[in-house]
Amino acid sequence: MAEAHQAVAFQFTVTPDGIDLHLSHQALTEIYLSGVRSWKKRIIGLKNSVVTGVYPASPSSWLFVVIAILATMYTRSDPSMGLIAKIQEHLPVSQSMSSQCQTLVSAVLFSTMLWLLLIFTMRLCLKQLLSYHRWMFEKHGKMSNTTKVWVALVRIFSGRKPLLYSYQGSLPNLPVPAIKDTVKRHLESVRPLMDDTEYERMTKLSEEFESSLGKRLQWYLKLKALWATNYVSDWWEEYVYLRGRSPIMVNSNYYGMDFMYVTPTPIQAARAGNSLHAYFLYRRKLNKEELKPWLLRSAVPCCSYQFERMFDTCRIPGTLTDTVQHWQDSDYVAVYHRGRYFRLRMYHAGRLLSPREIEFQIQKILDDPSPPSKGEAKLGALTAGDRIPWAQARTKYFSSGVNKRSLDYIEKAAFFVTLDDEEQGGLADDPARLDSYAKSLLHGKCYDRWFDKSFTVVYFKNGKMGLNGEHSWADAPVLSHAWQYVLSTDCFQLGYNAEGHCKGDVDSSLPQPQKLTWEIPPECEEQISGSLAVAQALADDVDIHVFSFEEFGKGKIKKCRVSPDAFLQLALQLAYYRDQGRFCLTYEASMTRLFKEGRTETVRSCTNESSAFVRALEGGEAADVCRRLFHEASEKHQHLYRMAMTGAGIDRHLFCLYVVSKYLRVESPFLKEVLSEPWRLSTSQTPLQVEMFDIVNYPEYVSCGGGFGPVADDGYGVSYCALGENMLNFHVTCKHSCPDTGANKYGGQIRKALRDLLQLLCPNQTELRKTEVKRPEFKKDL
């Protein structure tokens, strides 16, 4: 087979005259260049490890300390107060080392120890400074003198030009809240959802737990917090994500969309060429740690550890629990097209392929007429179904031979690519197409994405693209950062020629993309069909509605002196009450990345204050009363959000207490009931990296954002994004099987709630913004 011969570096045959050896110079050259590239990466990694290891100082500061000590000694002063002499006494005696040389070596050793001590002190000071969070609770624009001094000190101790992971050693650990505080906040959060009898019963359960079992569980949790980097993250990854045995498609994976109004090129292969090249440019920056660490208010760093497993990562199924495996940098991507799998190398002769060359290679795959092998076409359904059957099938049918080799190529790829043969995307004159676009990205045909890979990039026939992300290795904002970099680089840096093709030339010596081969027995095909049936039933049940609200955005909300996030959360509460006639436990995702290895915390957005406001508005109370209640609810929401970000949330603490109780094999009626409460309204805000896009000058270059499936069978999943100052995007999901929910129905209630809230807060601004500018659907180049 041609593919097999390409992988052979040499061939030999045994003849009567001996062994006839035939070397392939091209293969040996590739091996040499691959080794050079690998060693370059090791050297860069070593350099970055040194720079990060001594941060907030710099390696050059060592020389400054040494020179300063030697200069002081030259003036016949002893800055070490006798320590240099002590070091000199204990130096190994050498006949070739003069007294002056011994003094010099002792001074250098003392300088190095002093330098390391200064670094340790600076890190300790920075860690203590970053443990201060009162700045977050101060009103916007009103910074106290204490906070001003704190900001100045943080900047002084933060050093200059930090790398991506420079702050990791200085971030504080996530604190364990007090049991009484968590129990108190939980009772407060469930009060609007319970009548007096139910609340009294819950109060008794809480008091019993706090006074007895809770103290014991808390002791174990504090012990873990002293030992582990983060007392939540490892258990959260294992028990919430990896131990789930149901399909990860829809239930766990999420999606991200392309530009809403612009398709930079209608050529599928060209769009893949530019964006795949941009992804590898991003990975290069990531490996060199050239990405800037995220800073809140330009001073407070966020944890960056989630970036480590973005590429070359795959979730591996197991019978009891899955695992996340991360490999060294792969030089290829795995590509799916019409039932076939390909291995596409992204490097040639030691260099990254140009966008035009990648387009050329992708077009070869698109033009390949070969049919899929027996059982190959719907193989990806194994990753979409239940986890145990997939784990069993993987062990039985993919642990050796050609199947193992091909599966390794997929799992060890930088990421997965799907060349979809459908056309998708939103049009200005047909917004409903966004719903179909979202469904395609969330689950596709249930077999044309590899849901276990860290992420899958999907390219549609008309040039649109999108992604599907696996959730266990990191949270959506991390992958969103890479996605927005790719979108920005694709359009604003790489661009396309007049015909819509990628720019540049093609090296005619590029090898053919390697088609993967499989030997799928009939028993495995039956398993594939079973997984596909499970996945298809799940996919068919998903109802999605995506819409853009352009009547006003966060700009007008800010003019009402309200937090945009609080405004939108209250709009969702009002819309849900109108839709369902009741309140529900509401989940809003908040980050805890101010702490080392922090991931997320829950903001329970349904509060006593928000429910009081909604009841007053729906009950016809006076506008002044409603406005007062709205502002109280908004302030409460902001306070809860800040508490969650600073480690004083409810749900992660209760979750970890529950895990400890399971390890100790003790039952807690309180924890069992708390952890079984359904999140009928699960919400999340998609962050936008504003520095990557110029929305003012290029308003059509706005992304649709992304979304996720519903958490509860009778609930909604809502993702929203504020784009610029005048646009809000919403992604609403639910299940067709629930007769009481409907994505379009709830979307309509959200629109009405947004208008009603703005009318309440700003009654004089009756003219809402109407966007009448027709945005182009296709734009070839900038």
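In this predicted model, Phe-416 has Thr-456 of strand E13 as its bridge partner. A little further along, Val-417 faces Val-457 of E13. These pairs belong to the contact between strand E12, residues 416-419, and E13, where four bridges join two strands that run parallel.

On the other partner of E13, the pairing takes the opposite sense. Strand E14, covering residues 465-469, pairs with E13 through five bridges in an antiparallel arrangement. Within this pairing, Val-458 sits across from Gly-466 of E14. E13 and E14 together make a hairpin, with five residues lying between the two strands. Gly-463, found in the turn, has a positive phi of about 95°.

How covered is strand E13 itself? Spanning residues 455-459, E13 is mostly covered, and five of its five residues are buried. In a regular strand, side chains alternate between the two faces of the sheet. For E13, Phe-455, Val-457 and Tyr-459 lie on one side, Thr-456 and Val-458 lie on the other, and all are buried. Both faces of E13 are therefore covered, since buried stands for under 20% relative accessible area.

It helps to step back to the whole sheet. E13 is part of an open sheet of eight strands, in the order E15-E9-E8-E12-E13-E14-E3-E20, and the pairing is mixed. Strand E15 (514-515) and strand E20 (706-708) are at the edges; each has a single partner strand, so one side of each has no neighbour in the sheet.

Two helices can be placed against this sheet. Helix H12, residues 355-367, packs on the sheet and touches strand E8 (332-337), strand E9 (340-345) and E12. The direction of H12 makes about 160° with that of E9. Helix H15, residues 433-442, also packs on the sheet, where H15 touches strand E3 (254-257), E13 and E14. In this case the direction of H15 makes about 130° with that of E3. E13 thus has E12 as a parallel partner, E14 as an antiparallel partner and H15 as a helix in contact.

A further feature concerns the surface. Trp-219, Tyr-220, Leu-223 and Leu-226 form a nonpolar patch there, with about 480 Å² of accessible area together. One of these residues, Leu-226, belongs to helix H9, which spans residues 213-227. Leu-226 has a relative accessible area of 75% and is therefore exposed.

Key. Residues numbered from 1 in each chain as written. Predicted model: local features only at pLDDT ≥ 70, side-chain atom pairs only at ≥ 80, totals over all residues. Heavy atoms only, no water. Buried < 20%, exposed > 50% of the residue type's maximum accessible area, 1.4 Å probe, protein only. Pairing = 2+ DSSP bridges. Contact = heavy atoms within 4.5 Å. Axes fitted to C-alpha atoms, helices over the stretch in contact; angles between N-to-C directions. Patch = residues over 30% accessible without salt bridge, like charges linked within 9 Å, V, L, I, M, F, W, Y side chains within 5 Å. Areas by Shrake-Rupley, 256 points an atom, 1.4 Å probe, with all protein chains shown as cover. Salt bridge = Lys/Arg side-chain N within 4 Å of Asp/Glu carboxyl O.
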